[in-house]
Amino acid sequence: MLNDRIYLAPPSVGVAEISRVIAALESGWVAPVGPELSGFETDICTITGARAAVALSSGTAALHLGLKAIGVKPGDEVICPTLTFAASAFAIVHAGATPVFLDSEPTSWNLDPALLQSLLIDRAKHNALPTAVIVVDLFGRTANYGEILAVADQFNIPVLVDAAESLGSQYGDHPAGSMGNAAVFSFNGNKIMTTSGGGMFVSDNEELVEKVRYWSTQSREDLPWYEHNEVGFNFRMSNILAALGRAQLERLPDIVAARRQVHDWYVSELDGVAAANVTGDPPWGVSNGWLTTVRFDSEHAPGGSTRVRLALEAENIESRPIWKPMHQQPVFADHEAHLNGVSDQLFAEGLCLPSGFALERLDIKRTCQTIIATLNS
Ligand SMILES: *Cc1c(COP(=O)(O)O)cnc(C)c1O
């Protein structure tokens, strides 16, 4: 008899969400317009400090239109971290541009500012600067914005922040998604909070947000008939899902606290296990604890990540390798990539551990006992 399955990151949806969705259905606003939709946008502005926000059908859609809004055109090049979920890079392709991949720094696992600087210095010499930079906050840990934004400013290149994984995190005193020229959140089912599927584009530049809002509703002009001066998209969020989002957002502080607690339990359970290194917050920020990640260093535990993942699966515990870098993906095989070895090593050694809201100390104990037994075998 197997124990109950422990999932990686199940959504946490309860009575508050259910009654809010029912109320939205009963209100008659069953459309991509309505009071919950505008309310959700206002709520996100309050939490992130952004001046304006527009709710969309997915984080990928938000990245796509966000790139377009900050000036990315077909044929352009956009810098993208190689270590990310593929949607960051796919959005660049959707916008007609080409991603140029850059490796990570080892502290937060995000875009390496030193590599960014050397690439931009080189490109400036050849008068071939990229149009924009996407920065990603992986697993809830914010990137090194102090250094990244200084470099981007020096070359006057706009920065779009992919904060799909970092809602509720901090960079210093700044909420995740408040750095750069604009930012994007995702409310997919496995993220820190969910609308079952959805996204948000935020910026202090209201013009960018209005541009995205316009494109996302089929570029419809304000006329009695359907008049279009530009090609549009059908990317707006539904009022029903926005109701779910608002109920989730009210619980975000509790969800973040629970996930950070899970992370801290892993740290204590794996304390003294030399081969298993639970990733901590970077010195510049506080993570939302979306997913706890661990590294099994290849010297103490060769193949540790795979061995542990299979052993956990045999115990009915879900874990997952960290994102496979884009330069290793067949779809991007012929793309330019500037590497330093960090993302390759992280992919070989890293594992995402169960990090759900409802996990209890005993679940973490059970998981860690399997990890320790595997490393000792
Ligand atoms: C989930 C995710 C996205 C895509 O968001 P969707 O809402 O699923 O389209 C983009 N970037 C990163 C880093 C993500 O984790």
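This report describes helix packing, one salt bridge and two sheets in a predicted model.

**Helix H8 and its helical neighbours**

Helix H8 covers residues 239-269. Two helices pack against H8 in the account below, H2 and H1, and a further pair, H3 with H4, is treated after them. Two packed helices are described by the angle between their axes and the distance between the axes. The table gives these values for the three pairs.

| Helix pair | Axes come within | Crossing angle | Handedness |
|---|---|---|---|
| H2 and H8 | 7 Å | roughly 30 degrees | left-handed |
| H1 and H8 | 8 Å | roughly 150 degrees | right-handed |
| H3 and H4 | 8 Å | roughly 45 degrees | right-handed |

The axes of H2 and H8 cross at roughly 30 degrees, and the two helices are therefore roughly parallel to each other. Their crossing is left-handed. On the H2 side the contact is made by Pro35, Glu36, Leu37, Gly39, Phe40, Asp43, Ile44 and Ile47. H8 contributes Asn239, Ala242, Ala243, Gly245, Arg246, Leu249 and Leu252. Sorted by class, the residues of this contact are nine nonpolar, three polar and three charged.

Side chains of opposite charge can pair when their charged atoms come close. The structure holds 17 salt bridges. One of them joins the side chains of Arg246 and Asp43, with an N to O distance of 2.8 Å. This pair links distant parts of the chain, as Arg246 lies in H8 and Asp43 in H2 (residues 35-48), 203 residues apart. Both residues also appear in the list of contact residues between H2 and H8.

Helix H1 (residues 15-27) crosses H8 at roughly 150 degrees, with the axes coming within 8 Å. That angle makes H1 roughly antiparallel to H8. The crossing of H1 and H8 is right-handed. From H1, the residues in contact are Ala16, Glu17, Arg20, Val21, Ala24 and Leu25. From H8, they are Asn239, Ile240, Ala243, Leu244, Arg246, Ala247, Gln248, Glu250 and Arg251. The contact of H1 with H8 has eight nonpolar, two polar and five charged residues. Arg246 of H8 is thus named in the contact with H1 and in the contact with H2; Asn239 and Ala243 of H8 are likewise named in the contact with H1 and in the contact with H2.

**Helices H3 and H4**

H3 (residues 59-69) and H4 (residues 86-94) have axes that come within 8 Å and cross at roughly 45 degrees. This makes H3 oblique to H4. H3 passes H4 in a right-handed crossing. Thr60, Leu63, His64 and Leu67 of H3 meet Ala87, Ser88, Ala91, Ile92 and His94 of H4. The residues of this contact divide into five nonpolar, four polar and no charged.

**The four-stranded sheet**

Four strands form an open sheet in the order E10-E12-E15-E13, and their pairing is antiparallel. Its edge strands are E10 (276-278) and E13 (320-321), each of which pairs on one side only. E10 is joined to E12 (residues 292-296) by three bridges in the antiparallel sense. Val278 stands opposite Val294 in E12. H8 also meets this sheet: the helix lies across E10, E12 and E15 (350-353), and runs at about 150 degrees to E10.

**The three-stranded sheet**

A second open sheet has three strands in the order E7-E6-E11, again with antiparallel pairing. E7 (174-175) and E11 (285-286) are its edge strands, and each pairs on one side only. Strand E6 (residues 170-171) pairs with E11 over two bridges in the antiparallel sense. Here the bridge partner of Tyr171 is Gly285 in E11.

Technical notes: Residues numbered from 1 in each chain as written. Predicted model: local features only at pLDDT ≥ 70, side-chain atom pairs only at ≥ 80, totals over all residues. Heavy atoms only, no water. Axes fitted to C-alpha atoms, helices over the stretch in contact; angles between N-to-C directions. Parallel < 35°, antiparallel > 145°, perpendicular 65-115°, else oblique. Left-handed = near helix turned anticlockwise from the far one by under 90°. Contact = heavy atoms within 4.5 Å. Nonpolar A, V, L, I, M, F, W, Y, C, P; charged D, E, K, R; others polar. Pairing = 2+ DSSP bridges. Salt bridge = Lys/Arg side-chain N within 4 Å of Asp/Glu carboxyl O.
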